[in-house]
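Q: Please take a close look at the surroundings of ligand 1. What lies around this ligand, and which contacts are made there?

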Amino acid sequence: MSRFSSSTQSILPTGDVPGHVAIIMDGNGRWAKKRFLPRIAGHKRGVESVREMVKTCIERGISYLTLFAFSSENWRRPPDEVSFLMNLFMFALEEEVEKLNRNNVRFRVIGDLSRFEPRLVELIRRSEEITAGNNRLTLTIAANYGGRWDILQAVERMIKAQPEKRDDFSEDDLAAHLAMAYAPEPDLFIRTGGEQRISNFLLWQLAYTELYFTDLLWPEFDAAALDAAIASYRSRERRFGRTSDQLHGSETRIAAVAQQDA
Ligand code: IPE
Ligand code: IPE
Ligand code: MG
């Protein structure tokens, strides 16, 4: 593929269920505030929603679930909240990894781990190793992740691996070095909490993803809410630049021929 051709050459099949769902889990702090609780109580309750999402995605036959847990911008939060989030991540992972493994879930983390405590990095790597052979659901947590960071690190890694690509490389060459190169691009993006922005999440990978925004706060987001998002996804027509007639043309022709034959 030449550097200037489109990355969406083929029409991806739109199944009934999205193969890859990516979620910005937003609204924990507001959930807590509404209940006169400290923000951290909202983060704690948010872990329950993560558990429910993993279970529901398995039940619905979704293959990839990617959750934005901590952005590269979230270091700007008060230090107490940052360290609470790190400890919560550690605690939840320690507690859940065996269960994930039993349920045939492959666990991955994307993001710049260099700022994390070595203990946490070690736990992440171990959890990834333990679950590496699983294939029912791939659960990816984006931690200290930023979409711009991802593109930069991919360029860096590509040039290190193939210096000759420096002057001429394709989208595929670069995409192979993105942090989530092991997964197809998300079919459905969900953001809870009412904001309608991407907040530096998967910038490259969301190019043709269907976007869904809900006012529900993350701790309120449950199986029924995911089903509503999937129903909305099903009602979309993914055209990838084509016209609606082009997409339905072959179907219409087949129907017309069938009618003639009858
Ligand atoms: C999302 O909830 C969780 C993280 C960013 C870690 P917030 O903490 O952003 O909650 P709000 O947006 O303040 O309600
Ligand atoms: C986005 O949430 C990042 C995560 C959910 C981890 P934020 O609440 O930090 O996003 P902004 O800053 O309001 O866009
Ligand atoms: Mg927020």
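A: What follows describes the shell, contacts and pocket of ligand 1. This is a predicted model, in which local features need pLDDT of at least 70, side-chain atom pairs count only at pLDDT 80 or more, and totals for chains, interfaces and linings use all residues. Residues are numbered from 1 along each chain as written, chains are lettered from A and ligands numbered from 1 in written order, and side-chain values use heavy atoms, without hydrogens and water.

The shell of ligand 1 (residues with a heavy atom within 4 Å of it) consists of M25, D26, G27, N28, G29, R30, R39, H43, A69, N74, R77 and L85. By class, these residues divide into 3 nonpolar, 5 polar and 4 charged; Ala, Val, Leu, Ile, Met, Phe, Trp, Tyr, Cys and Pro count as nonpolar, Asp, Glu, Lys and Arg as charged, and the others, Gly among them, as polar.

Three residues of the shell can be described by polar contacts (here, pairs of N or O atoms within 3.5 Å). An N or O atom in the side chain of R77 is 2.7 Å from an oxygen atom of ligand 1. For R39, a polar side-chain atom lies 2.8 Å from a ligand oxygen. At G27 a polar backbone atom is involved, 3.3 Å from an oxygen atom of the ligand. Taken alone, ligand 1 exposes 380 Å², of which the protein buries 87% (Shrake-Rupley method, 1.4 Å probe).

Helices here are DSSP runs of H or I with at least four residues, numbered from the N terminus. Two elements, α1 (28-34) and α2 (39-60), give two or more residues to the shell, and α1 gives the most, with 3 residues.

Terms used
A polar contact is a pair of N or O atoms within 3.5 Å; within protein, one must be able to donate a hydrogen and the other to accept it, and residues adjacent in sequence count only if both atoms are side-chain atoms.
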